[in-house]
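The following exercises concern burial, contacts and nonpolar clustering. Each task is followed by a solution in steps.

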Amino acid sequence: GERLLVARPTPDREGYGPIVLQELKRYPKAGGILRRYRGHQGGTNAALFARNGSRIISGGNDNQLRIWETQSERELESIDVGAAVRKLAITRDGRQAVIAGDQVDLDVWSLDTKQKLGQLKGHSLLIQAIAIARNASVAVTISGDNTARVWELSSLSSIATLAHPAEITAVDISADGTWIVTGGQDGASRVGERHRDLRLPLRRA
């Protein structure tokens, strides 16, 4: 609502892509800047709140996931994931991260053990966006291959696919992981239930 994370994907004069926490309501005249985090060397591509806002998890061009304490701006730990992080999504409990980089497969990492749990395989072109259901172990991804894929994170398996006639540019998933909505360059949005075969025609909004 009132807080916004802004990550800089290109490096500043010190070589880092800082992350800025803005609190728009309390500090409108000061540009809303409440906290500033050093970020990633070479640039920061994603930053998300975790654990009810007490932590920030970020990914960048230095092949790292970094975990920050929101209040103190202190970096708590980092995880070397072996490749630049282009897209990032976190489970609600803050224990798992789904990462997209410069390959078509996505990596799933445990933030507790700092170990890679496996990959989500199925897309044929780079990932455009990731969304994870708030109250279910289900994720949805969109790719330049004009498909949205729904994944069961516990088994790392693809459970449904939605094909668009044009590039998909936006995606979201309901809190319980039942409904998926996508938007494409054809000007249409599509809504589907994940337990159905999403290759079938869906409602168009």
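A polar contact is a pair of N or O atoms within 3.5 Å; within protein, one must be able to donate a hydrogen and the other to accept it. The model examined here is predicted.

**Exercise 1.** Determine whether T141 is buried or exposed, and describe its surroundings.

*Solution.* Begin with the location: T141 belongs to strand β13, which spans residues 138-143. Next, consider accessibility. Buried means under 20% relative accessible area; T141 has 0% and therefore counts as buried. Then examine the side chain, which forms a polar contact of 2.8 Å with the side chain of W151. Finally, leaving aside neighbours within four places in sequence, the residues in contact with T141 are L106, H123, A129, I130, T147, A148, R149 and W151.

**Exercise 2.** Identify the residues with the most contacts inside the largest nonpolar core, and the elements that give two or more residues to this core.

*Solution.* The largest nonpolar core comprises 14 residues, and L65, L88 and I99 have the most contacts inside it. Two or more residues of this core come from each of β4 (44-50), β6 (64-69), β8 (87-90) and β9 (96-100). Not counting residues up to four places away in sequence, I99 touches L65, V81, V85, K87, L88, L106, D107, W109 and I130. A second, separate core has 13 residues, including A131, I142, A160 and I180.

**Exercise 3.** Where is L24 found, and which patch does L24 help to make?

*Solution.* L24 is in the loop between β2 (16-23) and β3 (33-41). L24 counts as partly exposed because its relative accessibility is 44%. Together with L4 and V6, L24 makes a nonpolar surface patch of about 230 Å².

Terms used
Residues numbered from 1 in each chain as written. Predicted model: local features only at pLDDT ≥ 70, side-chain atom pairs only at ≥ 80, totals over all residues. Heavy atoms only, no water. Helix = DSSP H or I, 4+ residues; strand = E, 2+ residues; numbered from the N terminus. Buried < 20%, exposed > 50% of the residue type's maximum accessible area, 1.4 Å probe, protein only. Contact = heavy atoms within 4.5 Å. Patch = residues over 30% accessible without salt bridge, like charges linked within 9 Å, V, L, I, M, F, W, Y side chains within 5 Å. Areas by Shrake-Rupley, 256 points an atom, 1.4 Å probe, with all protein chains shown as cover. Salt bridge = Lys/Arg side-chain N within 4 Å of Asp/Glu carboxyl O. Core = buried A, V, L, I, M, F, W, Y, C linked by side-chain atoms within 4.5 Å.
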